[in-house]
Amino acid sequence: MAELTTDDTTLPLIADPANYLACQWDLCELPDKRRHWIDVFRRHFPSLLEQACRVEEHDGKDAADAEQRATWAKETFFAELDRMETEPERFTRFDILTICYARERVLREAGFDDPYRLAKAKENDAAIKLLPDVLAELDAMDPAERAVAVVKGMFAGNIFDLGATSTAERFQNEQVDFRATLAQLPDRPWVVDDLDPWLDRLRAGEAHERALMFVDNAGPDVVLGMIPFARYLLQRGTNVIITANTEPSLNDVTHDELGELLEQVAEVDGVIRGAMAAGRLETAPSGNNAPLIDLTRVSPELVAKVGEAGVDLLVLEGMGRALESNFFARFNCETIKVAMIKDRGVAESLGGELYDVVFRYETPEG
Ligand code: MG
């Protein structure tokens, strides 16, 4: 069970807070990785600005002014990336999160609060329509089949990612196809595959008391992947806290959007409705504004909730939260790290390929 630390932004579940590092790669020391990540951000940024201008146009803002701000944002962020490339030592700590925070700062300064707002809303609507069928299919399965299907659902949902260049291009003009993705998932064993010990744990052990789930993207990711997994845990008797970003970042679902989505889901699903009414399913803002997460910088509200709640299962979902950060972090409760790989650098570091999937299950004992 978690104990409260004195630092009110550190997630109490971290096993060794003094030695915790969100991102394992120090980009000062790793020039190849530094170049890779700076290049990833550089290649992706124009599509982000395109989305930002689309939102401005939709909101009736002056198009020429939006274009100008986008140009300023690009020049400013690219100049910052150049300096990161040539003078990494000016940071006390330089990792992928450093670049994430810089990007968000530039966007806000340019007046772009939530560039993916329209894209998220569109994908949320499409996913909500599919959800009743997805839940009915899960409910018709026998327990063993269902335990695997909810894990595969998390992988299939996680492909919806406008923050990775490989998938951003794919989804720019295409409606996401959750079912096709499910059918095309790689065969087991996955590149990281702890599914069997997890299934053993489900069969042999008591239900977890309370799960804390860090969710990733809006749309099918949260609606068709994470909410069904939360629902599965609720049905087993586990209480669930879902935490999402406080501030917008790429197409990650925000805390406010998550609340609206759960209201919509509650209208069509009795399990979620009942759990919300009983206080068994709660949400909390994570305090985060990046696609990765530093778990020593979460919201005091989340820290307080976790401290009170007796969380014994932590779920970190998505490439940013589970692989690019926190992959090597250890926790004092059972932990699941689940993601689909959408970046070649991440794939290489795990010895896998693009679109490989990761399911890591850890116990505090090791
Ligand atoms: Mg994301």
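**Entry 1: Ile96 and helix H3**

I started at Ile96 and, leaving aside its neighbours within four places in sequence, I found it in contact with Cys23, Trp25, Leu27, Trp37, Phe41, Leu292 and Glu324, where contact means heavy atoms within 4.5 Å. I note that this is a predicted model, in which local features need pLDDT of at least 70 and side-chain atom pairs count only at pLDDT 80 or more, while totals for chains, interfaces and linings use all residues. Residues are numbered from 1 along each chain as its sequence is written, and side-chain values use heavy atoms, with hydrogens and water left out.

Ile96 lies in helix H3; helices (H or I, at least four residues) and strands (E, at least two) are DSSP runs, numbered from the N terminus. At 1% relative accessibility, Ile96 counts as buried, a word that stands for under 20% relative accessible area, with exposed for over 50% and partly exposed for what is in between (1.4 Å probe, protein chains only). I also looked up the C-alpha atoms of Ile96 and Tyr232, which are 33 Å apart, with their positions 136 residues apart along the chain.

How many of the 14 residues of H3 are buried? I found that 11 of the 14 are, which leaves H3 mostly covered, and among them are Leu97, Thr98, Ile99, Cys100 and Tyr101. The cover over the buried residues of H3 includes helix H1 (31-58), helix H2 (63-86) and H13. The end C-alpha atoms of H3 are 20 Å apart, in agreement with the 20 Å that its 14 residues should span at 1.5 Å a residue; the expected span is 1.5 Å times one less than the number of residues.

**Entry 2: Leu107**

I stayed in H3, residues 96-109, and moved along to Leu107, which is buried with a relative accessible area of 1%. With neighbours within four places in sequence set aside, the contacts of Leu107 are Phe45, Leu48, Leu49, Phe112 and Pro115. Its C-alpha atom lies 9.1 Å from that of Lys74, and these two residues are 33 residues apart along the chain.

**Entry 3: the magnesium ion**

Which residues are the protein donors of the magnesium ion? I found Asp216 (OD), Asn217 (OD1) and Asp252 (OD), lying 2.1 to 2.2 Å from the ion. Donors are N, O and S atoms within 2.8 Å of the metal (3.2 Å for Na, K and Ca), and water is not among the atoms, so sites may look incomplete. Along the chain the donors follow the spacing D-N-x34-D, and I noted that both Asp216 and Asn217 are buried.

**Entry 4: helix H10**

I next looked at helix H10, residues 255-268, whose 14 residues reach 20 Å from the first C-alpha to the last, close to the 20 Å expected at 1.5 Å a residue. I listed its buried residues as His255, Glu257, Leu258, Leu261, Leu262, Val265 and Ala266. These residues pack against H4, H9, strand S3 (239-244), helix H11 (270-277) and strand S4 (281-285).

**Entry 5: backbone angles in the loops**

Before turning to the loops, I reminded myself that most residues other than glycine have a negative phi, and most peptide bonds are trans. I found a cis peptide bond from Arg188 to Pro189, with omega near 0°, and I placed Pro189 in the loop between H7 and strand S1 (192-193).

Asn326 is not a glycine, yet its phi is positive, near 75°. I located Asn326 in the loop between helix H13 (319-324) and strand S6 (334-340), where it is buried with a relative accessible area of 0%.

Tyr355, which is not a glycine either, has a positive phi of about 75°. I found Tyr355 in the loop between helix H14 (344-349) and strand S7 (357-362). Is Tyr355 buried or partly exposed? With a relative accessible area of 24%, Tyr355 is partly exposed.

**Entry 6: Asp161**

My last look-up was Asp161, in the loop between H5 and helix H6 (165-172). I found this residue buried, with a relative accessible area of 9%. The C-alpha atoms of Asp161 and Asn239 are separated by 28 Å, and the two residues are 78 residues apart along the chain.
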